[in-house]
Amino acid sequence: MSLRACVIGWPIEHSRSPLIHTYWLSQYEIDGVYTREAVAPKDLKSFLNRLDEAGFAGCNVTVPHKEKVLTLVDHADDLARDIGAANTLWLDGGMLRATNTDAYGFITHLERTAPNWNAARRPAAVLGAGGAARAVVRALADAGVDEIRLSNRTRARADALGGAISRLTVADWRDRDRMLAACGLLVNTTQLGMTGEPALEIVLDALPDDAVVYDIVYAPLETELLAAARRRGNRVVDGLGMLLHQAVPGFEKWFGVRPEVSDALRNLLLADLGAR
Ligand code: ATR
């Protein structure tokens, strides 16, 4: 019988995970399938209870289920609990386990694109305080960043996130431009700048021109933030690599092969982004 995995969400049509996993299944000649499953919030518990019976080795989890699944699985690891969200589930001897691979995807893409990004050990600035920001902050703390400066429109959310991490300081949203002084990295984790969303308004003047600017938005691939950063000579990191790398651990758990994020795969996703 074919190995099976899927991505669950509500709605789910937008998910690009099937494109990534189906590409790898074919590349590694694995007899497996990866499908999109539309699961309404009211059906989440019963869907997960029947995952094994339905023949799935596990699944990816996307909006709006990433937080809720933590209460429904048998075991969520420390990373998923700290971040407060899981995106990868797998069955392990009948036990349903959960982790979060966003922090891994974020940092792996950064290390590959700008390997010496933290060589000068300067502060990192992060915009946003949602689930993506929690994964990014956790990844930066684990990577040894000594000072993380966080700014979010709703200050209380940034304060709540900061409470758990001593090396994190919070700046008001109106002070986000000034927060960039002396930073070696700026990360946008909000959806501002994404197609159909408002623009991210930020002035980069205070940011050193050898800093790295990373936008986790990948549609468009070159956001206004990255275009502005590129114009003033900063190195830029786009959001597509994070999407690709976060998929690696799940594929390995379900299908038994650790897949490679290749240029060919990236080009496939780029073509799909262009076509939509
Ligand atoms: P995710 O889990 O994908 O990070 P989220 O939890 O909805 O999504 O978080 C979205 C982030 O984008 C938040 O930091 C949000 O700011 P608030 O906490 O103030 O809501 C930020 N965001 C969304 N729209 C915004 C806007 N128009 N201006 C500023 N920040 C915005």
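These exercises, with worked solutions, cover the two sheets and some helices and loops of a predicted model.

Residues are numbered from 1 along each chain as its sequence is written. In this predicted model, local features need pLDDT of at least 70, side-chain atom pairs count only at pLDDT 80 or more, totals for chains, interfaces and linings use all residues, and side-chain values use heavy atoms, with hydrogens and water left out.

**Exercise 1. The mixed sheet**

Task: Give the strand order of the open sheet with mixed pairing, and find its edges.

Solution:
- Start with the terms. Helices (H or I, at least four residues) and strands (E, at least two) are DSSP runs, numbered from the N terminus. Two strands pair if DSSP finds at least two bridges between them.
- Write the order. The 6 strands run β2-β1-β3-β5-β6-β4.
- Find the edges. β2 (32-38) and β4 (75-76) each have a single partner strand, so one side of each lacks a neighbour in the sheet.
- Check the partner of β4. It pairs with β6 (residues 95-99) in the parallel sense, over 2 bridges. H75 has R97 of β6 as its bridge partner.
- Add the helix. Helix α1 (residues 17-27) packs on the sheet and touches β1 (3-9), β2 and β3 (56-61). Here contact means heavy atoms within 4.5 Å. The direction of α1 makes about 170° with that of β2. Axes are lines fitted to C-alpha atoms, for helices over the stretch in contact, and angles run from 0 to 180 degrees between N-to-C directions.

**Exercise 2. Following T88**

Task: Which residues stand opposite T88 in the strands beside β5?

Solution:
- Take β3 first. β3 and β5 (residues 88-92) pair antiparallel over 3 bridges. N60 stands opposite T88.
- Now take β6. β5 and β6 pair antiparallel over 5 bridges. T99 of β6 stands opposite T88.
- Look at the turn. The hairpin of β5 and β6 has 2 residues between the strands, and G93 takes a positive phi near 60°.
- Go further along the chain. A247 is 159 residues from T88 in sequence, yet 8.6 Å away in space, C-alpha to C-alpha.

**Exercise 3. Two loop residues**

Task: Are H65 and A247 buried or exposed?

Solution:
- Set the cut-offs. Buried means under 20% relative accessible area, exposed over 50%, partly exposed in between (1.4 Å probe, protein chains only).
- Place H65. It sits in the loop between β3 and β4. Its relative accessible area is 2%, so H65 is buried.
- List its contacts. Leaving out residues up to four places away in sequence, H65 touches I8, G9, W10, V39, A40, P41 and L44.
- Place A247. It lies in the loop between α8 (240-246) and α9 (248-255). At 2% relative accessibility, A247 is buried too.
- List its contacts. With residues up to four places away in sequence left out, A247 touches I20, H21 and W24.

**Exercise 4. A helix pair**

Task: Describe how α1 and α10 cross, and what makes the contact.

Solution:
- Give the geometry. The axes of α1 and α10 (residues 263-275) come within 10 Å and cross at roughly 145°.
- Name the residues. α1 supplies L19, I20, Y23 and W24, while α10 supplies A264, L265, L268, L269 and D272.
- Sort them. The contact has 8 nonpolar residues, no polar ones and 1 charged. Ala, Val, Leu, Ile, Met, Phe, Trp, Tyr, Cys and Pro count as nonpolar, Asp, Glu, Lys and Arg as charged, and the others, Gly among them, as polar.

**Exercise 5. The parallel sheet**

Task: Trace the pairing around β7 and β10 in the parallel sheet.

Solution:
- Write the order. The open sheet of 6 strands runs β9-β8-β7-β10-β11-β12. Its edge strands, β9 (168-171) and β12 (235-237), pair on one side only.
- Step from β7 (residues 124-127) to β8 (residues 148-151). They run parallel, joined by 4 bridges. L127 has S151 as bridge partner.
- Step from β7 to β10. Again 4 bridges join parallel strands. A125 stands opposite L186.
- Step from β10 (185-188) to β11 (212-215). They pair parallel over 4 bridges. L185 stands opposite V212.
- Check the faces of β10. In a regular strand the side chains alternate between the two faces of the sheet. L185 and V187 point one way, L186 and N188 the other, and all are buried.
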